[in-house]
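User: I'm new to reading protein structures, and I keep tripping over the vocabulary. Could you take me through this one and tell me why things are called what they're called?

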Amino acid sequence: MAAAARGEAFVLQGGDCAETFASATADNIRDRVKTILQMAAVLTYGASVPVVKVGRMAGQYAKPRSSGAETREGVSLPAYRGDMVNDFDFTLEARTPDPQRLVQAYHASTATLNLVRAFTQGGFADLRHVHDWNRGFVANAANSRYERLAKDIDKAMKFMQACGADFDAMRTTEFFSSHEALLLDYERPLTRIDSRTGELYDTSGHFIWVGERTRDIDGAHVDFVSKVLNPIGVKLSAKAEVDDVLRLIDKVDPDREPGRLTFITRMGAKTVRDALPTLVDKITGSGAQVTWICDPMHGNTFESASGYKTRDFEDVVEEVRGFFEVHQGLGTVPGGIHVELTGNDVTECIGGAEKILDADLNKRYETVCDPRLNHQQSLELAFLVAEMLAKD
């Protein structure tokens with residue numbers, strides 16, 4: 001994360017909006033990891049720096065909700081807050097919070113991490129395989145505009161091979177887990193003291209973040225993350241006040257340690273160019289060396305004409321483009337992207353080369369919370385961001 005803050009690495013953070021116990025299967029986990037690996041290969045070429053691969057996986061089982069209740073056909077029940085709290089089924093029994101679900105989330109996260117280790121250390125992540133998968137993506141006529149970039153990567157691979165590059169070293173890769181540290185009843189019991197140093201670490205994940213709703217400087221969530229030594233992320237919307245953010249830096253990163261604090265900005269495509277520059281300028285001016293990551297998902301959600309919560313792929317791309325433009329204008333470092341995605345061919349976000357329409361959303365709308373980019377849209381975003389990185 002410190003390298004990303006300096007422009008010597010780029011962070012790709014991706015995965016489910018809200019993991020479910022039912023989706024913690026080998027196939028689903030494999031396909032999500034595969035998507036992130038494919039995106040990372042393309043971004044590595046575009047950025048010419050290592051890509052830090054961080055999954056929204058093995059712990060993203062709780063979600064903050066703007067309303068405590070959900071009403072359907074005149075019936076009001078507690079809102080679904082993620083499988084760690086209650087169930088998505090719309091019955092009183094399912095929606096009643098159950099503390100035993102915290103234990104279920106722990107076991108599901110353990111199983112997920114074990115599979116991720118197997119996939120990333122057992123040859124599945126071999127760069128040659130990953131590039132072959134991306135060749136298949138650009139072979140689709142809808143994605144032909146990315147063929148040149150894929151061919152350039154192909155040439156680079158052949159050049160490396162001709163030079164005797166150690167491809168065995170590229171059979172495995174590092175892959176980190178992350179989630180929002182929302183339920184402190186889950187995070188606190190998983191916090192451990194390092195016997196060598198006496199320092200506290202939250203072992204529920206490598207990288208944990210505090211959301212836009214829970215980043216109150218005097219709140220329990222900020223207090224918790226200020227005490228553990230994990231790399232910490234904080235979500236910032238267009239409403240974020242500079243003074244509040246500076247106070248937050250003083251509390252969470254008093255020693256100004258590079259890599260300690262990451263700001264994940266979620267501004268919206270129409271707002272990012274206006275709201276982001278002041279924040280970046282003032283925080284950089286304060287001497288803090290934070291990592292800046294763009295979340296182009298959460299500021300671009302709307303309800304479609306057919307009643308589905310969705311996002312337009314063009315808005316997602318436009319927010320990333322605005323994020324890069326702001327950093328380019330200020331001479332600061334765009335450190336990464338944070339994306340809600342799945343490895344499956346769902347129909348939850350409109351647009352993209354596949355031209356998913358509002359009328360298509362009902363075909364495979366599977367998310368239990370926010371709409372995710374599908375496998376094809378995720379790869380398309382990676383190629384577009386690689387083009388932006390190459391120009392940067």
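Analyst: Sure! One term up front: UniProt positions use the numbering used here, feature names are shortened, and annotations may be inferred rather than shown by experiment. Also, keep in mind that this is a predicted model.

User: Okay, so which residues does the "binding site" annotation cover?

Analyst: The unreviewed UniProt entry puts that label on Arg-56, Glu-212, Arg-213, Lys-235 and Arg-266.

User: How do you know what Glu-212 is in contact with?

Analyst: Contact takes heavy atoms within 4.5 Å. Skipping neighbours within four places in sequence, Glu-212 has such contacts with Lys-235, Leu-236, Ser-237, Lys-239 and Arg-266. Glu-212 itself sits in the loop between strand 8 (207-210) and helix 8 (220-227).

User: What makes the pair Glu-212 and Arg-215 a polar contact?

Analyst: The cut-off is 3.5 Å between N or O atoms, with one able to donate a hydrogen and the other to accept it. The side chains of Glu-212 and Arg-215 come in at 3.1 Å, so they make the cut.

User: Is Lys-235 buried or exposed?

Analyst: Buried means under 20% relative accessible area. Lys-235 has 5%, so it counts as buried. It lies in strand 9 (residues 232-236), and its contacts beyond the sequence neighbourhood include Arg-56, Glu-212, Arg-266 and His-338.

User: What does strand 9 pair with, and how do you know?

Analyst: Two strands pair if there are at least two bridges between them. Strand 9 and strand 10 have 5 bridges and run parallel, so they qualify. One of the partnerships is Lys-235 with Ile-264.

User: What makes strand 10 "mostly covered"?

Analyst: In strand 10 (residues 261-265), 5 of its 5 residues are buried. Leu-261, Phe-263 and Thr-265 are on one side, with Thr-262 and Ile-264 on the other, and both faces are covered.

User: Which strands make up the closed barrel?

Analyst: There are 8 strands, running 1-2-5-8-9-10-11-14 with parallel pairing. Neighbouring strands are turned by 25 degrees against each other on average, ignoring direction. Strand 1 (residues 10-15) and strand 14 (residues 336-340) are joined by 5 bridges, and Gln-13 has His-338 as its bridge partner in strand 14. Helix 2 (residues 26-47) lies across strand 1, strand 2 (51-56) and strand 14.

User: Why don't Cys-369 and Cys-17 count as a disulfide?

Analyst: A disulfide needs cysteine sulfur atoms within 2.5 Å. The sulfur of Cys-369 is 3.9 Å from the one in Cys-17, its closest, so that's too far for a bond. The structure holds 0 disulfides. For Cys-349, the nearest cysteine sulfur is again that of Cys-17, 10 Å away.

User: And why are Cys-349 and Cys-369 called buried?

Analyst: Cys-349 has a relative accessible area of 0% and Cys-369 has 10%. The limit is under 20%, so both are buried.

User: Last one: what is Asn-374 joined to by polar contacts?

Analyst: Its side chain has a 3.3 Å polar contact with the side chain of Glu-354. A polar atom of the Asn-374 side chain also lies 2.8 Å from the backbone nitrogen of Gln-377. Asn-374 is in the loop between strand 14 and helix 12 (375-391), and at 2% relative accessible area, it is buried.

Notes
Residues are numbered from 1 along each chain as its sequence is written. This is a predicted model: local features need pLDDT of at least 70, side-chain atom pairs count only at pLDDT 80 or more; totals for chains, interfaces and linings use all residues. Side-chain values use heavy atoms; hydrogens and water are left out. Helices (H or I, at least four residues) and strands (E, at least two) are DSSP runs, numbered from the N terminus. Buried means under 20% relative accessible area, exposed over 50%, partly exposed in between (1.4 Å probe, protein chains only). Axes are lines fitted to C-alpha atoms, for helices over the stretch in contact, and angles run from 0 to 180 degrees between N-to-C directions.
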